[in-house]
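The exercises below are meant to be worked through with the sequence and the coordinates open side by side. Each task is followed by a solution that goes step by step.

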Amino acid sequence: MPDKILWFSIFLVLYVSYCIFWGIRGSKKTSNPNEFYLANRNISSWVFFFAATAATYAGLITLSQTGLIFHDGFQYIGTSFIAITIPLGSVLFFKRQWMLSRKYGYITPGEMYYDYYKSDAIRIISVIVTFFIAVPLLAALFGATGFLVNLFTEGNISRELSMWVISSVVLLYVVTGGFKATVSVGVVQSWLFVFSIIILGIIVYFFVGGFDIFNHALSKIASTSISTWGNTKGYGGGDFNSYFAVPGVIQWVAGLGKNDPIGGPWTAMMIFTFTISFMGIVLSPSFSMWSFSTKHPRVFSYYQVWGCAAAIGVLLFIFTTLQGVGANLLGANVDINNNNLSISNLLPEISKSDHSLVIYHIISLMDKYAIWLTGALLLGLIAALQSTAAAFLMTSGSIITRDLYKAYIDQEMKWEKERLVARLSMLLIFLAALYLATFAKPAMILFSGIAIAISFQFLIILLGTLWFPWITRGAAIMGIISGLIIVVLTETIGQQITGNRLPWGRWPLTIHSGMWGLLFNVFVCFSISAFSSLSKMDTYRSHRQKFHNFLSEHMGLHPSRSKIRSFAYVLVLIWLFCAIGPGLILGNDIFGSPGNGYESWILKIPSIWGYQLIWWLVGIGLIWFLANKMDLSTLPKKAIRPNDLYVDTDFSPSLTSESPINYTENVGSGYGWILVLIGLAVLSIVFYIYVV
């Protein structure tokens, strides 16, 4: 057995043992739903800080970040602002969800949506969306695990075998130990993830030869047109090498697959809509459920400020940047090699279509120097993938059990049976994901690509539940259905379903599909809500208002800070405009034109990188300000009495001849099972297209 496989096996055995330990220990504390699903709503600050941060980012960063920076350069690094936009989404919603869950005892977001909107349709939609998000994402994460092991063992262990065996560890500790085991293992997974990303960045930095050599080499490339997308040709303020510049604010193109943007797809509008759409991670029912599990809402501020914005920001803006950009200088880019612009040829040349291999080849640099480290780094990447996988497996199985089986099939089942159903649901999702990853890779890629954009459509439902009582039930239902349809039509899967007959491609006008969906979602939702309000037929407004009255009584801003509310709005708008909006193109040459040589670079790094780093630091301050000074992640101003439950016996008034009937308000109510059948029909068609 080669030494690196031996070391990896040793680390893997230790890791699996730890996972099994927590699975067994957690199984002893699953005597009621709160313990199994939410760890008794008692997750501490530091556990949530580590576990939630890793669950949010680790799998996604490991899957794509380094490879896409290698492929697209500094324009893609703009997407690293997800370190700010994702916690921005949680700042807006987590505390308010936590308060409602404590007041009314919700375990899943579907229960909260149903109690607020009194709609079976919204509850069923949340279940369907959860399933369609969880299965392809789990398939991608599990598939990446098998792919890494297959490469590491030089093909001696197949992708499928390693994927099925190693991923079974996730299933084992999740189904036995529940949420407590998930977050406890997640803590160590977060350490392994951070360790791996930092060490990989240091490795590249070491082989490049230092900061000055790194940036001198970049300046030589910047003076050429060597890049995946050529030059920007005037988009973004000049004819720059697209590797070092954002190609304009927006481009009027039909989208990828029809006519590609000049200088690359990552315009300011693309970066803005992409990073905002990635709020979908924390808006999805799967992750909203995490907000119900903590001791108090101050936990969220540690996760938002120091976990996401600060720690993940460091990993994204510095260490993955070193990895992706540095790989071009270490021999991985054939064009740079051919022009004698690389520093060395330590890495094998990688084609543009295989950019995801970059991170594996960086690990392999340690084979000659510290063989044990090679095994440790591989395990760290696998742990990162599994941290996100475990989070989605746990919550998605719980949601299907509570919001589908318990709500509509067996409402009176005892806890022992419910726990069994929950475990079987998780097993079903697990097997579906592995089946997809094994036998239907094209479908896995297509569906995983739209998962986050789909979950982003829950923004309107959450805004209605937590902020705006005038959003009606019918409006929320029709809005999210419209959004989901548009997401599909502006992604690759839309072309596949329609036989490439659509006049646009993926992400038309360099606007992400998540934002396209939200635009239609908002238009439909607000139009129906406005009609209901103007016609004075919103018969359920008083029921919804009582939830908002409770939030207002307990949530309010501290009187000493009420005068700075307007300042907060202005601060957010300035940051959005400058960091990820149209102002981003200023970064192309504000600190020196990319092609004018190293001496013209004021910060001695590419101008766009320096600009991004500055606004990332400002973003950390923004999240801290909103979370703490605007009281969006602080303790409620009044104690919440969980047992003082509000029961409205008048939420469904009789519709007599004297009662105004609002048909738009009743759109979708009672038709949840029809949506289930439609979803199954669509799934069957897609399965036939891509598998059979």
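**Exercise 1. The second largest pocket**

Which helix supplies the largest share of the lining of the second largest pocket?

Before starting, note that this is a predicted model, in which local features need pLDDT of at least 70 and side-chain atom pairs count only at pLDDT 80 or more, while totals for chains, interfaces and linings use all residues. Residues are numbered from 1 along each chain as its sequence is written, and side-chain values use heavy atoms, with hydrogens and water left out.

Step 1. A pocket is an open set of points on a 1 Å grid over the protein atoms alone, where a 1.4 Å probe fits, with protein on both sides within 12 Å along at least five of seven lines, and its lining residues have an atom within 4 Å of a point. The second largest one has a volume of about 970 Å³, the volume being the space filled by probe spheres set on points that are joined across faces, edges and corners.

Step 2. Of its 31 lining residues, those closest to the centre are Leu-92, Trp-467, Tyr-569, Val-572 and Leu-632.

Step 3. Helices are DSSP runs (H or I, at least four residues), numbered from the N terminus. At least two lining residues come from each of helix 5 (82–104), helix 10 (268–277), helix 19 (458–466), helix 23 (541–555) and helix 24 (565–580), and helix 24 has the largest share, with 6 residues.

Step 4. Sorted by class, the lining holds 25 nonpolar, 3 polar and 3 charged residues, where Ala, Val, Leu, Ile, Met, Phe, Trp, Tyr, Cys and Pro count as nonpolar, Asp, Glu, Lys and Arg as charged, and the others, Gly among them, as polar.

**Exercise 2. Burial in helix 6 and in two loops**

Find out why helix 6 can be called largely enclosed by the rest of the structure, and then examine residues with a positive phi.

Step 1. Buried means under 20% relative accessible area, calculated with a 1.4 Å probe on protein chains only. Helix 6 (residues 109–117) is largely enclosed because 8 of its 9 residues are buried, among them Glu-111, Asp-115 and Tyr-117.

Step 2. Just after helix 6, Lys-118 takes a positive phi of about 55 degrees.

Step 3. Arg-41, although not a glycine, also has a positive phi, of about 55 degrees; Arg-41 sits in the loop between helix 2 (33–38) and helix 3, and counts as buried at 11% relative accessibility.

Step 4. Thr-510, again not a glycine, has a positive phi of about 50 degrees. Thr-510 belongs to the loop between helix 21 (492–498) and helix 22 (513–534) and is buried, with a relative accessible area of 2%.

**Exercise 3. Where to read with caution**

Identify the helix in which confidence is lowest and the helix in which it is highest.

Step 1. The predictor's confidence in each residue is its pLDDT, from 0 to 100. The protein averages 89, and 92% of the residues score at least 70.

Step 2. Confidence is lowest in helix 26 (residues 672–690), at a mean of 47, and highest in helix 10, at 97.

Step 3. Over residues 644–677 the pLDDT is below 50, and this stretch has 54 contacts (heavy atoms within 4.5 Å) beyond near neighbours in sequence. Residues 683–692 also have a pLDDT below 50, with 11 such contacts in the model.

Step 4. Where pLDDT is low, the predicted coordinates should not be read in detail.

Conventions: Buried means under 20% relative accessible area, exposed over 50%, partly exposed in between (1.4 Å probe, protein chains only).
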